[in-house]
Amino acid sequence: MGKKMKWKLLILFLSLGIFSQSIFAVGSSENDSYSLVVINGYKFIPQVITIKRGQKIRWVNREKRQYHNVWFETSGEEEPEDYLFSGDTYQREFNKTGAFPYRCGPHPEMTGMVHVVD
Ligand SMILES: [Cu+2]
């Protein structure tokens, strides 16, 4: 394989990588990209999400009327006092690897899981 061919392949793979990332991340700019978890029907969707360390997740409440919150209770955090009402969002950056279960404070049956990997 010639040198030029190798460069072409490298550029192809790089652009494929950028393209595939953009399918899963939404946001206005590269620095403000996040993965989205939708809250609807008393569920976190997707319930289990895997992101890379340093990436963000944004939760958005798509219920018509019901409020919820996002509480990392087993991480030892206090329950957030601010509820997410219809259309509200909550965003958080994850800088440690691991498995982080969370729940909705008012609705203990609503659970979710964030996996953060390197
Ligand atoms: Cu809830």
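## Strand pairing

Two strands count as paired if DSSP finds at least two bridges between them. In this predicted model, β1 and β4 meet that condition, pairing in the parallel sense over 5 bridges. Within this pairing, Leu36 stands opposite Arg58 in β4.

The two strands belong to an open sheet of 4 strands, ordered β2-β1-β4-β5, with mixed pairing. β2 (43-45) and β5 (89-93) form the edges, each pairing on one side only. On average, neighbouring strands of the sheet are turned by 20° against each other, direction ignored.

## Overall layout

The chain contains 1 helix and 7 strands. Along the sequence they follow the pattern α-β-β-β-β-β-β-β.

Of the chain's 118 residues, 14% count as buried. Among contacts with a separation of 6 or more, 48% are between residues 24 or more positions apart.

## Nonpolar core

The largest nonpolar core has 11 residues. Its members are Val37, Ile39, Phe44, Ile57, Trp59, Val70, Leu84, Tyr102, Cys104, Met110 and Val114. Two elements, β1 (35-40) and β4 (56-61), give two or more residues to this core. These are also the strands that pair in the parallel sense.

Met110 is one of the core residues. Leaving aside neighbours within four places in sequence, Met110 is in contact with Tyr42, Lys43, Phe44, His68, Arg103 and Cys104. Of these partners, Phe44 and Cys104 are themselves listed in the core.

## Backbone features around β2

Most residues other than glycine have a negative phi, and most peptide bonds are trans. Two places on either side of β2 depart from this pattern.

Tyr42 lies in the loop between β1 and β2. Although not a glycine, Tyr42 has a positive phi of about 60°. Is this residue buried or exposed? Tyr42 is exposed, because 12 other C-beta atoms lie within 10 Å and a residue with 12 or fewer counts as exposed. Tyr42 is nonetheless among the contacts of Met110.

The second place is the peptide bond from Ile45 to Pro46, which is cis, with omega near 0°. Pro46 is found in the loop between β2 and β3 (48-52), while Ile45 falls within the span of β2 (43-45).

Technical notes: Residues numbered from 1 in each chain as written. Predicted model: local features only at pLDDT ≥ 70, side-chain atom pairs only at ≥ 80, totals over all residues. Core = buried A, V, L, I, M, F, W, Y, C linked by C-beta atoms within 7 Å. Buried ≥ 20, exposed ≤ 12 C-beta atoms within 10 Å, placed from the backbone. Contact = placed C-beta atoms within 7 Å. Axes fitted to C-alpha atoms, helices over the stretch in contact; angles between N-to-C directions.
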